[in-house]
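Student: I would like to learn how to read strand pairing and pockets from a model. Can we work through a case together?

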Amino acid sequence: MFISCRTIKPEAPTVAINKAPAFTPVSSQIILPVRANLSAYFSMAEKMIPAEVKGEDNPCEGLRYKYLFDRGPLSFSGKDNQLKLSLTGKYQVSGSYCAKCAFDKCLVKTPTFSCGVNEPMRNISIGFSSNVALSPKYGIQSNTSLDFVQPNDPCKISFLQVDITDKLITQIKGSLQDLAKQTDIQTASYPFRTQIQGLWDKLNTEFPAGDLGYFRLQPLDLSLNNLRFDGNNLNLQMGIRCQPQFSLRSEPALPKPLPDMSNISGANGFNVYLDASLPFKELGKIVSQKMGDTRSEEHTSELQSRQYLVCR
């Protein structure tokens, strides 16, 4: 009877510790519409382009001339990826025409001529257009062309059945086409990549996030797509592929080189996996601070979580 009523003592269970599966980073995508007013840049261009232009050509044979051009205000307008520049100005011209020259001397002299000198200067309209694009290295590429040179009240000058006005306009067009080429060279030298590098460095910055510690965007790729002009405004789409994370520990990122421009496309908005890496030791300290003298047990493992956010 005593044996049948004894207490049963079960064996202690074996504690198995399984390692948590690896927390594989997942890429997120952020696509933002960017709109910039270019009025300040147009004002800068207004100051950079001379308001007065002088020129002359003195060959022994043919048209000899000198001219003065005073431009009016520049007018900019944009549509799609094309930027247009138009201006009106006033000009005067004077010179002579030598039909035949020998031994650096004009054999057939003609009277001198002038237009807009000692009388109101003549009006002329000029227009340029420039197609603008971004290169994978974040360079600005432009292809500028002269659209028109239109004298509004042209000078009617001719000698020996030679139209001096047409010859003069041809000479002016050549100078303006050279100006268009110089514009493309100046555009290509603009330090746009340096500005994007500054943006990339800021995206790699660690930001304080209150009780959650620190936030890191951790960008991987960057894209600038759908560049188009709308009047004085520039519109484009900036895409960022990243691995955003909250962490209680400060882990400043090392400088990362700016990658070549990627092709990130899609609708504007956020498609984000937000990771949190929170050590229990630091969590315990925060809970203790919030709950006064309540004791919290410390562990060396981490709590990892992932939230998914979609925003349009």
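The dialogue below takes up strand pairing, then a pocket.

Tutor: Keep in mind that this is a predicted model. Let us begin with the strands.

Student: How many bridges join β3 to β5, and in which sense do the strands run?

Tutor: The general idea is to look for bridges: two strands count as paired if there are at least two between them. Here ten bridges join β3, residues 62-71, to β5, residues 82-98. The two run antiparallel. For a landmark, take R64: its bridge partner in β5 is S96.

Student: What else pairs with β5, starting with β4?

Tutor: β4 covers residues 75-80 and runs antiparallel to β5, with five bridges between them. K79 has Q82 of β5 as its bridge partner.

Student: How many residues lie between β4 and β5 in their hairpin?

Tutor: One residue lies between them.

Student: Which strand does β5 meet through Y91?

Tutor: That strand is β9, where R122 stands opposite Y91. β9 spans residues 122-134, and ten bridges join it to β5. This pair is antiparallel too.

Student: And which residue of β8 stands opposite S94?

Tutor: S114 does. β8 is residues 113-115, and it pairs with β5 over three bridges in the antiparallel sense.

Student: What should I know about side chains along a strand?

Tutor: In a regular strand, side chains alternate between the two faces of the sheet. Use that as a guide when you step along the chain.

Student: Back to β3. Where does K54 find its bridge partner?

Tutor: In β3, at L68. K54 belongs to β2, residues 52-57, which is joined to β3 by six bridges and runs antiparallel to it. β2 and β3 form a hairpin, with four residues between them. So trace the path by pairing: β2 pairs with β3, and β3 pairs with β5.

Student: Now the pocket. What is the volume of the second largest one?

Tutor: About 170 Å³. After the volume, read the lining.

Student: Which residues lie nearest the centre of the second largest pocket?

Tutor: I30, F215, L217, P244 and F270. They are among the eleven residues that line this pocket.

Student: Which strand gives the most to that lining?

Tutor: β18, with three residues. Both β16, residues 233-242, and β18, residues 269-279, supply at least two residues each.

Student: How do the lining residues of the second largest pocket divide into nonpolar, polar and charged?

Tutor: Eleven are nonpolar, with no polar and no charged residues.

Technical notes
Residues numbered from 1 in each chain as written. Predicted model: local features only at pLDDT ≥ 70, side-chain atom pairs only at ≥ 80, totals over all residues. Heavy atoms only, no water. 1 Å grid on protein atoms, 1.4 Å probe; cavity = no way out; pocket = protein on both sides within 12 Å on 5 of 7 lines; lining within 4 Å. Points joined across faces, edges and corners; volume = space filled by probe spheres on them. Nonpolar A, V, L, I, M, F, W, Y, C, P; charged D, E, K, R; others polar.
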